[in-house]
Every structure is written in structure tokens, then in C-alpha cells.
Amino acid sequence: MSQSSSAVKVKIQRFGSYLSGMIMPNIGGFIAWGIITALFIPTGWFPNEDFAKLASPMIKYLLPLLIGFTGGRMIHDLRGGVVGATATMGVIVGADNPMLLGAMVMGPLGGWVIKKFDKAIEGKVKSGFEMLVNNFSSGIIGGILILLAYKGIGPVILMLNTALAGGVQAIVDANLLPLVSLFIEPAKILFLNNAIMHGVLSPLGIEQAAENGKSILFLLESNPGPGLGILLAYILFGKGMAKQSASGASIIHFFGGVHEIYFPYILMKPFLLVAVIAGGATGVFTFLMFDAGLVAAPSPGSIFALLAMTPRGNYLGVLAGVFAATAVSFIISSIILKTSKQTEEESLAKAAEKTASLKGKESKASAFIKAETNQEQTEQKAEKDLKNQIKKEIKKIIFACDAGMGSSAMGASILRKKVQKAELDISVSNTAINNLPADADVVITHKDLTDRAKAKLPHVTHISVENFLSSPKYDELLHVLQNKEDRTTAAIEEIKVTEPAFENASKIIFACDAGMGSSAMGASILRKKVQKAGLTISVSNTAINSLPADADIVITHKDLTDRAKAKLPHAHHISVENFLNSPKYDELIEDLESKLVTV
């Protein structure tokens, strides 16, 4: 792959990741709407005219507003979310159709506009007027964006919606829908499935489901049949580690919905793309023959999720499409495997590495395969580096990956069991890197994501692994946590004398309960002192519950300092009695200027 095409692929991946970032946190809302639709509409399992009234408002208002809020918050936190949701109302009211695509435009646009406004007025608001300016600016900007969306942007998006829906319908009418597998199946191998599923298919599918009670578009990308056929062929006709690992991979893929688990098996023999394309096309053709569809997007693409989103009367068609795709993919894959020259066992691991490089991070497939092939290769890792990292009593361990679901959830589950077995009072959970909690003590990430995690949460212990499913560092960490001497002597003494130094501090946060009045005044006063001193340090204010993880210095009223420390224990905390007139502001400026911090 050339450098230019690789750059294009990465950009598309990022775009798809951004789209999925707006949709995936709200999948629960989509599923709730799908369940209500499947149960209570006139063609549902338990028709109920009263309950069925919920379906239309949910798809018209709730889901677009959730997307708009999430998109705005991704740009500019809660303030961006509020303006993004407000702006989304313009496209909602301006159209009869569900405006999911409109929400995916107006949400981020609202967040971006308010972010630019806040940047423009930073340091220019008189003390005491911060709350007034904040509230009215978001209200005025939100109101303007509503009008703009209602009269300008909304009609354009409606035209786009209509054109896309018309194009899909034309493809269906021409019996060409199975041909989309020519694009979808290879795109999945390149990890462009989010851009396809959440960027195009889900919004259009929701509109079709709102009108017809179901949509075949939800089945185009999520069908587990083609991948299952590949893995079954490897179980019967593969060799070496590929054959041994395929059975476990098939369970994770079909029942767990983690489709990327089968990607390396195709990368080992790229000609297997023919099998998944043919299987996908067969599945789509079968769905069309049975007029099958789902009421909402299945996430993840597990057979259980597909059946949960299947409306009454469509189970035969959905299952037939899945198993037809499996059969065709299996037959073609078996022929390819039996007639082609078998490569060495290491090829699967190499394919897993290629999968990780395509995705830009450790994939669940790579992790699974490495777990099968490399368990003994890293057993001799020394524990001393990890011991040196553990600086304090550990209460919360966080696994983090891009989405905060698949691979990080698997790793968290493995370590959680080890921690419970050791009877340690330590919380182990998983999340997306962008949502890392400020009170985390240890953050575990794949090595390709560690720098991003450190930038988000620089004051905690970071552990970098190559394999979420089988890393020797889990046992090393557990040994350190169980060894009370290691945890309470030299390591803890070291942290006592190394309070977070902030000679390189770049962000100062004032925090109070609401994050507006008193903290805004204090931030305004210190911001002017910082600017007068010629320091390039950001000074802002927020609510304690919204303290950003990358804050270097947190300033609170003395009655709130303990809460702030609990929320952000790794930052430097300054307690004041009076936000409007504290001598600690000048002391802090002197410390920052001299780069000598007195704790």
C-alpha cells in the first residue's frame, strides 16, 4: 500500500471513528426504540396502541438530540453538548423524517462554534460577569444555529437524505443490492466498517425502519455469516496455529459479535476475500428473497444481537441469510485452503501484526492470536520496571482503548478475575481513552495507544502491553500489588517527596460546585496575572464533577478541596478562602516564573 493511499485510509478510519463516537454511546437509546417498535406497533409481538405512541417521538426527537449532544460534547465538553443539542432542534423541526444525519452535522457544528467563541473572549470578560456571558452566549449562539439549521442547513440535509434514500431504493429495485458486498467486505478488512455502518447505513436504516418497521440496511455489514464460513473452513482444512485458534475465534466472532477476529485469517490468504464477498452477497440476496430486515442496528454484530433486533415474522429470513452466507463462504474458503500451498505457522501471527498496523492499534484479533502463539515468549520479563512505576496505594485500574469496549473489556475481565482471586480491594474496569477518569491510579493500554493515554492522564502510572488477552505484565502487576512491602516502603516514600512538580504546567483550573460564578471570577483574576507575567498557561473554570484529567493545577475553596483531590488526585491542589482576593495567586505566579514549586 502506497504512503498516499495509506494516509487516505487513516483519514477515512478517523472519520468513521468520529461518526461512531457520536452513535455508539447512544446505541442503548436505539435499542430501546427498536424494542418498543418491535413489541408494540400494529405488526409487533404485542400490539398496543398506547405504548406504540412512544415510537414516533423517540425516533424524531430523542435519538437526534442524543446524537447532537454527543457530537457537540466531543468538540467542547458539556457546553458544546448543550449548544449542539440546541442547534439540532432546527433540523428536527424543519423535516418530517428522522434527522439523524442532520444531528451528526449540527451537533459538532454547535460545539465548534461555541468553542471558537469561548476562545475569542478568553480573558476579556470583566470579573463577576462570567456566568452572565456564558449563559447568554450559549443561548444566543444556540438560537442563531437553530434558525440557520431550520432555514438553511436542514433543507440541504433533507435533500441529501432523500438522494441517499432514493439511491438505495434504486439499487434495491434493480436487484443490485447484493453487489454492495463488493465494497463492504473488503472495507471491513481495512477497518472502515464504522464509517460505513454508522456513517451511512444506520441513519438511512433508521429512516426506513421508522416508515416500514424494519430495514435490510442493518443486515448488510453486521451479518456474521461470511466471517463464520472463513473460520469454519480453517477449523477443518487449516493447519498449524491457524487451525488450532480458529475454533475459539469462531465463538468470539459469531456469539460475541467481534468481527475483526477473523480479519487476520483473510490477510494470511487475501484470495479469501472472494469467499467473504460471495458469502456477503449471498446473504443479502437471501434477505431480499425473504423480505427480511431489522428494527434497529445490532451492536455488536452477534447472532444474539441480530435476533434481538429482528421483528416478528422475520426470523426465518434473517437466519436463512446468515446461514446461506456462512455456507457459501465456507465452501469457497475450503476450496481455496485445500488447493493453495500452506504457509508456515508464523504467517497467522504476521497477519495479526498486519491487522494491527491496518487498524493503527492492537486489534482483538491480534490479541487473540498472540495469546495462542506467544504465551511462552514473554514469561521472563523482569518485574523491576513495573515495581518502579507503582508509586502509591492502588485503588483503581483502568484498561483503555479507542472505543472502550472490545479489547479493553477483555483485558479488564482477565485482570479483574486475577485481582478477585487474590482478594485485593481494587477496582478494574475499562473505558475509551477520551473518557479516562481522573481518579485512575493505573492505566493499561496497548503500546500504540500509551502516548495518547499519557497525554490525557499524565500523572498516573501507565502500563503498555502488546497483547490485551495474554500479557505477562498482568501477573507482574498482581505480584507487586500483593507484595505489601513493595507497596508501602520505598515506592511510597518516593511519592511523598515527589508531589506533582509543575514547572511545565500548562493548564490551571478553578473549580466550584457549579463551575460558574465564584470560580469564574477567580479564574478571570488569575488569568490576567498570568497574561501580565507573560506566561503561556491556560486558566479556566469548571464544576468539580467535570474536572479535566489533564489539569496540572486545581484551585478550589478550602471547603471543596477534598472533593477536588478525590476527583483529581494526581494534580497539584491549591486551597483558598476567597476566590476574589487570595495572596496565593501571587505566590503561584512567582513559583511559575521561577519554576520553583513550594508544596
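Visitor: When do two strands pair, and which residue stands opposite Phe399 in β3?
Guide: Two strands pair if DSSP finds at least two bridges between them, helices (H or I, at least four residues) and strands (E, at least two) being DSSP runs numbered from the N terminus. This is a predicted model, in which local features need pLDDT of at least 70, side-chain atom pairs count only at pLDDT 80 or more, and totals for chains, interfaces and linings use all residues. Residues are numbered from 1 along each chain as its sequence is written, and side-chain values use heavy atoms, with hydrogens and water left out. Opposite Phe399 in β3 stands Ile444.

Visitor: What is the strand order of the open sheet, and why is one side of β2 and of β4 left without a neighbour?
Guide: The pairing in this four-stranded sheet is parallel, in the order β2-β1-β3-β4. β2 (427-432) and β4 (461-465) stand at the edges, each with a single partner strand, so one side of each lacks a neighbour in the sheet.

Visitor: At about what angle to β4 does helix α21 run?
Guide: Axes are lines fitted to C-alpha atoms, for helices over the stretch in contact (heavy atoms within 4.5 Å), and angles run from 0 to 180 degrees between N-to-C directions. Helix α21 (residues 472-482) lies across β1, β3 and β4, and its angle to β4 is about 150 degrees.

Visitor: Which helix gives the largest share of the largest nonpolar core?
Guide: A nonpolar core is a set of buried (under 20% relative accessible area, 1.4 Å probe, protein chains only) Ala, Val, Leu, Ile, Met, Phe, Trp, Tyr and Cys residues joined through side-chain atoms within 4.5 Å. The largest has 59 residues, and Trp33, Ile67 and Leu220 have the most contacts inside it. Its largest share, eight residues, comes from helix α4 (residues 55-93).

Definitions and conventions
Buried means under 20% relative accessible area, exposed over 50%, partly exposed in between (1.4 Å probe, protein chains only).
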